[in-house]
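Subject: Structure handover

Dear colleague,

I am passing on the structure we spoke of, with the sequence alongside. Please open it first; my notes on what was found in it follow below.

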Amino acid sequence: MQIRMLGPFEVRLRDDDGAVADVPGARLRALLIALALEPGHPVQRTTLVDWIWGEHPPSEATNALQRLVSRLRKVLPDGVVEGQPNGYRLLVEPDAVDAVRFERLAGQAHADDGPRRVQLLREALTLWRGAAMQDVGLAGSAALDAAVTRLDELRLAAMEDRFDAEIGLGHGADLVPELTDLVAAHPMRERLVAALMRSLAAAGRDTDALLLYQRTREALADALGVDPSPELSDLHVALLRGEVGRRDASRRTNLRAELTSYVGKDADMAAVRDLVGQHRLTTLIGPGGAGKTRLATETARTLVGDLQDGAWLVELAAIGAVGGDGVGDVAQATLAGLGLRDTLLGEASDLEPAERLVAAIRDREMVLVLDNCEHVIEAAAALAYRLLGECRRLRILATSREPLGITGEALWPVLPLALPGPDAGLDEIAAAPAVRLLRERAGAARRDLAVDAATLPTLARICRALDGMPLAIELAATRLRTMSVEQLADRLDDRFRLLTGGSRTALPRHRTLRAMVDWSWELLSDAERTTLRRLSVFAGGASLDAAEAVCAAGHDAAGHDAAGHDAAGHDAVEPDRVLDLLTALTEKSLLVAEPGAAPRYRMLGTIKEYATQRLAEAGETDLARQAHLAHFINLAETVEPSLRRAEQLDGLATLAAEHDNISAAMRGALAEGKAQEAMRLAAGAGWYWWLGGHKAEGAELITAAAEPPASSSPVWSTTGAAPPSTRSW
C-alpha cells in the first residue's frame, strides 16, 4: 500500500493494477495522514483528536475517534490499522509514505558530500506532485497546518541544497530558468537569490546578477527593514571583483583525452562508478596488462561532472625509478599530479609533503586515482589511510596488483576480456569483447585486414592463447602490420619474443609482454618466486596438497644452508609456508584461486609460460617435474582401490579433477624414458580412464608405457589389481 500526500491525496492499494482506495471525508483523511506520518509507531489518541478536531473536539472524543477508525479500517486492507493501549498504529513500511520517504532521502543527501548527493536530492524532490495535502480540506486543525508548513519548508531547503550542489558541479548556467521562477515566488529567500546570482554569473550574465542583488536588497529593506545577510553581501562583493563566474573545466581534472575507444568494459565501468559512490576507497586489482589503469581513468572521467573539484590521476609508477618508496614520495607525486606547487600552497609549503597535501585538499570534493600502487603498496596504503581520515569529502580509486589492505576498502577484480566459447558461431565470435578489441586495434594498424568467416576463428584462437588480456592483444595487433593472422596465431608459442614493440609513450613495462610480467616478478620475494615457477609444471591447476608436494620439493629441514638452499643448491620452501605463499601470489594477481570446497590454484597462460622459463633458468625443471610425477603416482595408487568399491564415484571425482595433471605427468614420464614410473601411473589410473570415459586416451598411454623393455617388470601388482586389458578398449 502506498500513501501519497505530497500533492493530491491518494492511497494506492497495489501498484500493478492501479487500484486506489476511496478515503472519503476530510476527517478520515486527516486521521490516515496522522497515522501515516508515524508509520509502524503508535500514535496517542489525544494526538489524533487534536489532528482531527483541533481546539473544538466533540464531547465524546474517544468514541468519535473509534468510529472514524472503524470507517478507516473498512476502506483499507485488513490488519493495516492496529489498536494500541493508548492509541492506534498504521502497519506500513516507512517508504510506503511519500512524505516519510522524502525526509529520509533529504536527510541522507544532507549527510553525503559525495557524488550521490544530487541524485538523492533529485529523487526526493520528484516525490512532490503539488502542494502538500492540498485536497484534504480540513479547516481549524493547527496540527495539520503545522505539518504542511514543515513539509513545505523542508521542500524548499532540499531545493536549495540541490541548487547549491548542482552549481558546485558546474551546472549553474542550466539552472537559470528554474531558479528565476522560484525567486519570483520567494523573492526574499536569500539562499535562492544567491543560487540564482551564481547561476547568472556562470551563464556570463554578471550584470543581471548584480541587478538581482539590488532588487533583493530593496525588497528586504521595504518589507522587513533589514539588510541582506553577510553571505549574500559577500557574494555581491565577489561578483564586483569578478571572482564568481564560469568554472574552468580544465582545472577539475588532469585526465588526458584517450586516442583509442574503450572496448568491452562498459558494465565494469558502471559497477566501479557505483562502488566509488558507495565507498570512499575502491581498489581495482588484477594481473598486469588486464586494463586496470584504463578502467580507472574511464570511470573517473564520468565522475568529473559530479564532483565539485573533479577527478585527478596520480601516477606512482615512476617512484621506484628514483629509488624512493616512502609516504613522502607518494605524497609528493600526488601534489605534482594535482598541480599544487609550493607557490600555490602559501604557509603550508614549509610542511612535510603529506601534511602539505592534507592542508591543500582537506575540504575538496574529489576523486584521486592512485595508479600502480603495487611497488609502493605500504606507502600508498599509509597515505590513503591518512588522507581519507582527514579529508572527509575525498574518495580514492586505486589500481594495484594486490589490495591496499585498509579496513573499509572495496575491491573490484579486473578480469581479462570475455572470450568466445569453444563452440561459438561467427556472430558470437565477432561480438566477443576480446575479438572486438583485436579487430579494432588491428584495423587501425592494417587497413586491408579481412574479417570474414575464414579469419574470425583464427582471431578467436589468438585471443584465447593470450587469455583475453588487453595489453597482450594490443601488442599482438601491432604485429599484424607485417604478419598474417594465421602466422601470428601459429607463432604465439613464443609470445615473449613475438609481442614487443608497444607504444613509445607507454610505460616501459607496457612496451613488451615480457617486461609486463617482469615487473610483477621483481616485486616478489624469493620464496614467492620459487613457488610460482614450480607451479608452472601443473597442467590443470593445483590443489593445496599437490602444490605443497611440488613447491616444497627437495626441502630438508636439517639440510638447507643459511641462504635458504637445499643440499642440491635449489631454493628451499618449507611445506607449512606453501599455503601462505599461494595466498600471497593470489592477492598479487599471479594466481587464480578457483572457488570450491577445496580451492584450486591456476595460472593464466602467459604467466605459466613465463614461470616455465624462470623454472628452466633456475635449473629446477627436473626437480619440479619429478615431484609432480611422484605426487600423482601416489595419488592414483591411493585412490585406485576406491574405484572398485562403494566409494567409486568419489574416487572418480578426485581423479577427474586431476585429469590434465595425470595425463601431463604420464606423457612427461614417457618422454623422459621413465618406464617404471609410467607403468606405476598407468596402473593407478587405468580403471579411471576406463570408467571415466577416457578409453582412447588410456589405451594410448598404457600401450606407450608397455613398449619400453624396462616395462617388463611386474609393477602392476603395486595397486593390488590389474587395469583392464588394452584389447578391450
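**Overall picture**

Of the contacts in the chain with a separation of 6 or more, 69% are accounted for by residues 24 or more positions apart. Please keep in mind that this is a predicted model, and that everything below is computed from it. The chain contains 32 helices and 13 strands, and of its 729 residues 49% count as buried.

**A three-stranded sheet and two helices**

The part I would look at first is an open sheet of three strands, which follow the order E4-E6-E5 with antiparallel pairing. Because E4 and E5 stand at the edges and have a single partner strand each, one side of each is left without a neighbour in the sheet. Helix H1, which covers residues 26–36, packs on this sheet and touches E4, E5 and E6, its direction making about 75° with that of E6. Helix H3, covering residues 61–75, also packs on the sheet, where it touches E5 and E6, and its direction makes about 150° with that of E5.

As for the pairing itself, strand E4 (residues 43–44) is held to strand E6 (residues 87–90) over two bridges in the antiparallel sense, while strand E5 (residues 81–84) is joined to E6 by four bridges, again with the strands running antiparallel. Between E5 and E6 the connection is a hairpin through two residues. Which residue in E6 is the bridge partner of Gln44? That partner is Gly87, and Gly87 is likewise the bridge partner in E6 of Gln84. Elsewhere in the pairing, Gly83 stands opposite Tyr88 in E6.

**The second largest pocket**

The other feature I would point out is the second largest pocket, whose volume comes to about 400 Å³. Its lining is made up of 21 residues, and those that lie nearest the centre of the pocket are Pro287, Leu415, Pro416, Val592 and Leu604. Sorted by class, the lining of this pocket consists of 13 nonpolar, four polar and four charged residues. Among the elements that contribute to the lining, helix H26 (578–587) and strand E12 (592–594) each supply at least two residues.

With best regards

Conventions. Residues numbered from 1 in each chain as written. Predicted model: local features only at pLDDT ≥ 70, side-chain atom pairs only at ≥ 80, totals over all residues. Heavy atoms only, no water. Pairing = 2+ DSSP bridges. Contact = heavy atoms within 4.5 Å. Axes fitted to C-alpha atoms, helices over the stretch in contact; angles between N-to-C directions. 1 Å grid on protein atoms, 1.4 Å probe; cavity = no way out; pocket = protein on both sides within 12 Å on 5 of 7 lines; lining within 4 Å. Points joined across faces, edges and corners; volume = space filled by probe spheres on them. Nonpolar A, V, L, I, M, F, W, Y, C, P; charged D, E, K, R; others polar. Buried < 20%, exposed > 50% of the residue type's maximum accessible area, 1.4 Å probe, protein only.
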